[in-house]
Amino acid sequence: MSKRSFRIALGIVAGTLLILIVLAGLFVHRALAYADTRHDGAGKDVEVEITSGMSFPTVASELADKGLIDKPTWFRLFAMWQGETTNVKPGKYEIRDDLAPKEVLAILVKGIKDVTAKVTIPEGKNMLEVFDLIEAAKITHAKDLETLARDKDYLQKHAITGDSVEGYLFPDTYEFRIGDKPRVVLDRLIARHEEVWNQLVVTHPPAALEAKLGWTDRDVLTLASIVEKEAVDPAERPTIAQVFINRLTFPSFKSRRLETDPTIRYGCTVPLQKSPPCQQWDKSGRLHRAQLDDKDNPYNTYQHEGLPPGPISNPGRASMEAALMPDGSDYLFFVAKGKGARNHVFARTYDEHAANVEKYQK
């Protein structure tokens, strides 16, 4: 190549580079100028959620879709120029739609403080009552929690063999972020249950009880859930647990039926499929003959032997411990010592029980 040709080629390359540099400079200048230009909005707050792991191009597209910026590519260039593309914080934001792009970016980089709420779940609530409490605390929607609570894949993940998470939502005080996903909430409650259960079975192994009755851990939990609904005085829990075990094992109690009202109420309120007598029940709390005689309610322990299909509430530590360590007494019956009484009177025979009912209930 001649010197003249080389100079021409070099000039072309240099000229091309100069043009590119000028164009890039103009583009950056326009992007920077764009960042200072207020967006043409109505001045209203717009909610936008930035999730963990969201790429910056996706962030820019989301902002454009929400009407907070109008040039996502320029917004990206400005953020790259500022070195902020990896500094956006996840969260739910409310951003005015008439801000300049640089103001929008500053909000996302600063992030928002999580708004949290505490919710206390008392012992003995069924899962629908638990979900209502969580929704009342504005954490997440009860219906979304219920849908996940009955999801077969979710139950399988947690090795729950029943048709819902009933019994596995440990009663306690929790703090969640407002807007937490249902999975986050249920995972936390179930994890707390597993933690407490594992602590209890170390000191109170269920092997002997399970071998005697042919039960599984879930069966013990089901008994605990019934004890939670029946016991008012904590001191009576081990005795009440023993009464139900005696009804299933004593030769003198031939019906092998637990005969407890809370199981019927549960079968009439929480399962998706409900018998006609359950559908007719007014939920007032008082059971009528139609519900007591209802054989189509699988939770009717007046009509069906043994345990109901699963837990009927979410028991606390004391009721689980009572189910694991009943007191060994030989009672078969109990009745409250008057309306609203905290304590029960226990009996070994039906005649004793009938006399107690006459004395305390009539």
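Student: With which side chain does Tyr266 make a polar contact of 2.7 Å?

Tutor: With that of Glu166. Bear in mind that this is a predicted model. Tyr266 itself lies in helix H12.

Student: Is Tyr266 buried or exposed, and how do I read that?

Tutor: Burial is read from relative accessible area, and buried means under 20%. Tyr266 has 5%, so it is buried.

Student: What surrounds Tyr266, apart from its neighbours in sequence?

Tutor: Leaving out residues up to four places away, Tyr266 touches Asn126, Ser164, Glu166, Pro271, Tyr299, Pro311 and Ile312. Asn126 is a useful case of sequence separation set against spatial separation. Asn126 and Tyr266 are 140 residues apart along the chain, yet 8.1 Å separates their C-alpha atoms.

Student: Where is Arg150, and which side chain does it join by a polar contact?

Tutor: Arg150 sits in the loop between helix H6 (142-149) and helix H7 (152-157). Its side chain has a polar contact of 3.0 Å with that of Glu146.

Student: How should I class Arg150, buried or exposed?

Tutor: Apply the cut-off again. Arg150 is at 19% relative accessibility and therefore counts as buried. Beyond four places in sequence, the residues in contact with Arg150 are Met127, Leu128, Leu155, Asp163, Ser164, Val270, Pro271 and Leu272. Ser164 and Pro271 also appear among the contacts of Tyr266.

Student: How do I read the packing of two helices, say H5 and H6? At what angle do they pack?

Tutor: Take the angle and the axis distance together. H5 and H6 pack at about 140 degrees, and their axes are 8 Å apart. The two helices are therefore oblique to each other. Their crossing is right-handed. H5 contributes Met127, Leu128, Phe131, Asp132, Ile134 and Glu135 to the contact, while H6 contributes Ala142, Leu145, Glu146 and Ala149. By class, that makes seven nonpolar and three charged residues, with no polar ones.

Student: Why do contact residues on a helix recur at such intervals?

Tutor: An α-helix has 3.6 residues a turn, so residues three or four places apart point the same way. The H6 residues Ala142, Leu145, Glu146 and Ala149 can be read with that in mind.

Student: H6 also packs against H8. What are the angle and axis distance there?

Tutor: The angle is about 65 degrees and the axes are 9 Å apart. H6 passes H8 in a right-handed crossing. On the H6 side the contact is made by Asp144, Leu145, Leu148 and Ala149, and on the H8 side by Pro182, Arg183, Val185 and Leu186. Six of these residues are nonpolar and two are charged, with no polar ones.

Student: What does the pair H2 and H3 look like by the same reading?

Tutor: Helix H2 (residues 56-65) and helix H3 (residues 72-82) pack at about 135 degrees, with 9 Å between their axes. H2 and H3 are therefore oblique to each other. H2 passes H3 in a right-handed crossing. Phe56, Pro57, Ala60, Ser61, Leu63 and Ala64 of H2 meet Pro72, Phe75, Arg76 and Ala79 of H3. The contact of H2 with H3 divides into eight nonpolar residues, one polar and one charged.

Student: Which residues of helix H15 are buried, and against which helices do they pack?

Tutor: In H15 (residues 317-324) the buried residues are Ser319, Met320, Ala322, Ala323 and Leu324. They pack against helix H8 (182-203), helix H9 (207-213), helix H10 (217-230) and helix H11 (237-249).

Student: How do I treat a residue between the classes, such as Ile107, and where is it?

Tutor: Ile107 belongs to helix H4 (residues 101-110). Its 28% relative accessibility is why it counts as partly exposed. Outside its four nearest places in sequence, Ile107 is in contact with Tyr93, Ile95 and Leu99. Val88 is 19 residues from Ile107 in sequence and 8.7 Å away, C-alpha to C-alpha.

Student: Last, backbone angles. What is phi at Lys138 and at Arg256?

Tutor: The point to check is the sign of phi in a residue that is not glycine. At Lys138 phi is near 65 degrees, a positive value. Arg256 also has a positive phi, of about 60 degrees. Lys138 is in the loop between helix H5 (127-136) and H6, and Arg256 is in the loop between H11 and helix H12 (261-267). Lys138 counts as exposed because its relative accessibility is 62%, whereas Arg256, at 25%, counts as partly exposed.

Technical notes: Residues numbered from 1 in each chain as written. Predicted model: local features only at pLDDT ≥ 70, side-chain atom pairs only at ≥ 80, totals over all residues. Heavy atoms only, no water. Buried < 20%, exposed > 50% of the residue type's maximum accessible area, 1.4 Å probe, protein only. Helix = DSSP H or I, 4+ residues; strand = E, 2+ residues; numbered from the N terminus. Contact = heavy atoms within 4.5 Å. Axes fitted to C-alpha atoms, helices over the stretch in contact; angles between N-to-C directions. Parallel < 35°, antiparallel > 145°, perpendicular 65-115°, else oblique. Left-handed = near helix turned anticlockwise from the far one by under 90°. Nonpolar A, V, L, I, M, F, W, Y, C, P; charged D, E, K, R; others polar. Polar contact = N/O pair within 3.5 Å; in protein donor to acceptor, adjacent residues only side chain to side chain.
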